[in-house]
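These notes are meant for a colleague who is opening this structure for the first time. They are arranged as numbered points, to be read with the sequence and the model side by side.

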Amino acid sequence: NLKGVATTSCEFRSPLAPQGPVVAVERALIDTGCSDLELHPQFLERLGALPVVSSGALYETAVGGASYTVYEVLLTIEGRTCAAVVSASEDDSSDDALIGHMALGALQLAVDCPRRRLLPLVALPFSSSSSS
């Protein structure tokens with residue numbers, strides 16, 4: 001059930017071959033409680049060779065720590081592209097991809113929670129000046 005969650009379409013590419021192959025995900029879960037990206041193993045394999053950022057990176061989760069190999073990918077959302085860190089999700093994950101807050105920040109996108117969508121930071125109704 002996706003009611004109440006924010007999703008987005010996105011594309012993943014290898015920085016070693018930015019012209020392709022491309023993995024397109026129609027409904028990636030936006031999870032601002034997550035730092036990095038997760039991609040289902042079947043999609044991660046389609047990208048071919050990827051730079052290894054770390055082997056054995058330790059991630060703390062609600063059920064304890066787990067060790068993962070993390071890779072660099074190019075992520076594109078709404079025409080904006082950034083380099084980001086991705087790990088493979090569990091094989092039985094119900095999500096094809098998960099987008100964490102570090103990539104959203106690099107893309108200068110924020111979550112409009114009531115409307116469950118992404119907005120460019122420049123479109124947010126706030127001021128950077130302090131009020132007196």
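1. A good place to begin is A57, which is buried, its relative accessible area being 15%. Because the limit for a buried residue is under 20%, a value of 15% puts A57 on the buried side. This residue is found in strand β4, which covers residues 52–61. Leaving aside neighbours within four places in sequence, A57 is in contact with A66, S67, Y68 and V70. For one of these, S67, the C-alpha atom lies 5.3 Å from that of A57, although the two residues are ten apart in sequence.

2. Some care is needed with that first point, since this is a predicted model. The mean pLDDT of the protein is 87, and 86% of its residues reach 70 or more. Among the elements, however, β4, the strand that holds A57, has the lowest mean pLDDT, at 78, whereas β1 has the highest, at 97. As a general caution, where pLDDT is low, the predicted coordinates should not be read in detail.

3. For the overall layout, the protein has two helices and nine strands, and from the N terminus on its elements follow the order β-β-β-α-β-β-β-β-α-β-β. Of the 132 residues in the protein, 35% are buried. The accessible surface comes to about 7,800 Å², and carbon and sulfur atoms account for 49% of it. Among contacts with a separation of 6 or more, 55% are between residues 24 or more positions apart.

4. Strand β1 deserves a closer look. It is mostly covered, with six of its eight residues buried. A hairpin of two residues joins β1 to β2, and these two strands run antiparallel, joined by seven bridges. Strand β1 is also joined to β5, again in an antiparallel manner, by three bridges. The residue F12 shows both pairings, for it stands opposite V23 in β2 and has L75 as its bridge partner in β5.

5. Which residues touch the most other members of the largest nonpolar core? They are F12, L37, L39, L75 and I99, in a core that has 26 residues. At least two residues of this core come from each of β1 (7–14), β2, β3, α1, β5, β6, β7 (97–99) and α2 (101–106). The strand that gives the most is β2, with four residues. As an example of the surroundings of one such member, L39 touches F12, V25, L44, L47, V86, S87, A88, S89, D96 and A97, when residues up to four places away in sequence are not counted.

6. The residue H40 lies in the loop between β3 (37–39) and α1 (41–46). Is H40 buried or exposed? It is buried, because its relative accessible area is 10%, and the limit for a buried residue is under 20%. Not counting residues up to four places away in sequence, H40 touches S89, E90, D91, S93, D95 and D96. With D91 there is a polar approach as well, since a polar atom of the H40 side chain lies 2.9 Å from the backbone oxygen of D91.

7. Three places in the backbone should be checked by eye. Most residues other than glycine have a negative phi, and most peptide bonds are trans. The peptide bond from G20 to P21 is cis, with omega near 0°, and P21 has its place in strand β2, residues 17–30. E78, which is not a glycine, has a positive phi of about 50°, and R116, also a residue other than glycine, has a positive phi near 50°.

8. The settings of these two positive-phi residues can be described in turn. E78 is placed in the loop between β5 (64–77) and β6 (80–88), where its relative accessibility of 49% makes it partly exposed. Why does E78 not count as exposed? The reason is that exposed means over 50%, and E78 stands at 49%. R116 lies in the loop between β8 (109–112) and β9 (117–120), and with a relative accessible area of 39% R116 is partly exposed.

Technical notes: Residues are numbered from 1 along each chain as its sequence is written. This is a predicted model: local features need pLDDT of at least 70, side-chain atom pairs count only at pLDDT 80 or more; totals for chains, interfaces and linings use all residues. Side-chain values use heavy atoms; hydrogens and water are left out. Buried means under 20% relative accessible area, exposed over 50%, partly exposed in between (1.4 Å probe, protein chains only). Contact means heavy atoms within 4.5 Å. Accessible areas come from the Shrake-Rupley method with a 1.4 Å probe; for residues, only the protein chains shown count as cover. A polar contact is a pair of N or O atoms within 3.5 Å; within protein, one must be able to donate a hydrogen and the other to accept it, and residues adjacent in sequence count only if both atoms are side-chain atoms. A nonpolar core is a set of buried Ala, Val, Leu, Ile, Met, Phe, Trp, Tyr and Cys residues joined through side-chain atoms within 4.5 Å. pLDDT is the predictor's confidence in each residue, from 0 to 100. Two strands pair if DSSP finds at least two bridges between them.
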